[in-house]
Amino acid sequence: MNSFLYHLKSKQLQSFNLKLLFLLLGIFSFNTGLSAMTSIADTFHIEKYIISIDTIDFTGKQIKAKTQIQIVANQNNLSAIEMDLFQLTVDSVYYPLGNLPYSYQNDKLNISLPVVLNTNDTISLTVAYQGSPKKDASGFGGFYFFPNMAFNLGVGFTADPHNLGKVWFPCLDVFDDKSKYEFYITTPLTQKAYCNGFLNDSLINANNTITWHWKMNDYIPTYLACMATGPYTSWSRTYNGVPIEIAALPADTAAVSATFVNLPAAINLFTQYYGSYPFNKIGYTLVNFTGGAMEHATNIAIGKAFINGTLGYETLWAHELSHMWWGDKVTCKTAEDMWLNEGWASFNEALFTEAIYGPTAYKDWIRTNHRKVLQLAHITDGGYLALNNVPTSVTYGNTAYQKGADIVHTLRNYAGDSLFKVGAQHYLDTFAYSNASSIDMEHAFTSSTGTDYSRFFTDWVYTPGFPHFSIDSAIYVPGYYL
């Protein structure tokens, strides 16, 4: 995800004593015990969501919908589940044999199961609901309505947690539960709906509407699920066997062609460094949004203002494309490790710049980014932060994006380009369609390259600021000249 609300990112310089002082003063809010805490995903898993939006009221900004949820128990004696659903009205909860008891308050939907489940038992139930899906208070994220367009953005900057699948369907809205999806989105005949995955079919209904049926057979978290509907046409191509589909208004298709002129080069670059494209489609949907873009898997939402027929915003769409590997194929386990998503995607802006415009342009990008980190990150993010323990209040701040990019650049130079590719691909393949942490990345690079990366990650990832190097002595050797 990339937002023009957050264009300054991070870096920091300081000693162990300064770090200790900040800890004592409470400036840092490290969640060091988070990985040991029990996640709700430890109790049950959602194997699949089948989301049906039967009515979209563009004027009243309302939807009427139902979601079928396929549950797998991760423990014995599971008799109830708790789902996230944000400020919508629940009409009923049912399964094939009848209605189910539920309570809904404080954005939590608690459902009593009709039978007690043990580990690996499954059951499907459906939630029928309606209402006005909300936007995030930051202006980035949530659900958006326009007179002839509706779409979602899966994260919110001020939401805590940041996941916003909950604003339009009942879900287990966490990073570390990934699911398959089907979507049935009903629109006027003059519109199309775009979602994750591939279009399975469309059905014209008797009331002059059309239902678009999409399937996503790869596992993704709730914040990467998406829908967008509007009077779209599809700009379609195929490159190296990968379908490309960009949803645009008919008047914007010429701008699409001109803006994405370097898309084939970006695909070549990222597959060379990170392995084959991980999904069945590359997709973008142009939406009425001026704050940036959001990396929904296979169907990136991008502000139509940035697809303007020039090359001025190409690092934005390249950033989002690289998320298909960094964030979508492998997702950080926790928000505190967001550099694994956003730091790598930001670095890939520089990598793309190098591929298109050469090494000098790459160095200029890196130097500019590095200066911003040193000057501003500790100010904008409220302190010198380690990459793997960023407080949730600045999940999408300078540390995750800009310091993250700087450290990926450092890792590339430390490893050398060849081993950098080996380590990155091993990490992505090992944790494909799952979740990973900074420690997982350290181990992936170590096991695949034959080099111990523990010192690198301790110095550059797990410790706030930057390591400091100094010369403590020099030896004069007579008669030796460089």
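These legends cover four close-up views of a predicted model.

**View 1. A cis peptide bond precedes Pro161.** The bond runs from Asp160 to Pro161, and its omega is near 0°. Most peptide bonds are trans. Pro161 sits in a loop. Strand E11 (149-153) and strand E12 (179-188) flank that loop.

**View 2. Asn77 adopts a positive phi.** The value is about 60°, although Asn77 is not a glycine. Most residues other than glycine have a negative phi. Asn77 belongs to the loop between strand E3 (62-73) and strand E4 (78-84). With a relative accessible area of 59%, Asn77 is exposed, because the cut-off for exposed is over 50%.

**View 3. Asp107 also has a positive phi, near 65°.** Asp107 is a residue other than glycine. The loop that holds Asp107 lies between strand E7 (102-105) and strand E8 (108-117). Asp107 counts as partly exposed, at 25% relative accessibility.

**View 4. Helix H5 (residues 339-357) crosses helix H9 (residues 438-449) at roughly 60°.** The two axes come within 11 Å. H5 is therefore oblique to H9. From H5, the contact uses Trp339, Leu340 and Trp344. From H9, Ser438, Met441 and Phe445 take part. By class, five residues of this contact are nonpolar and one is polar. No charged residues contribute to the contact of H5 with H9.

Key:
Residues are numbered from 1 along each chain as its sequence is written. This is a predicted model: local features need pLDDT of at least 70, side-chain atom pairs count only at pLDDT 80 or more; totals for chains, interfaces and linings use all residues. Side-chain values use heavy atoms; hydrogens and water are left out. Helices (H or I, at least four residues) and strands (E, at least two) are DSSP runs, numbered from the N terminus. Buried means under 20% relative accessible area, exposed over 50%, partly exposed in between (1.4 Å probe, protein chains only). Axes are lines fitted to C-alpha atoms, for helices over the stretch in contact, and angles run from 0 to 180 degrees between N-to-C directions. Angles under 35 degrees count as roughly parallel, over 145 as roughly antiparallel, 65 to 115 as roughly perpendicular and the rest as oblique. Contact means heavy atoms within 4.5 Å. Ala, Val, Leu, Ile, Met, Phe, Trp, Tyr, Cys and Pro count as nonpolar, Asp, Glu, Lys and Arg as charged, and the others, Gly among them, as polar.
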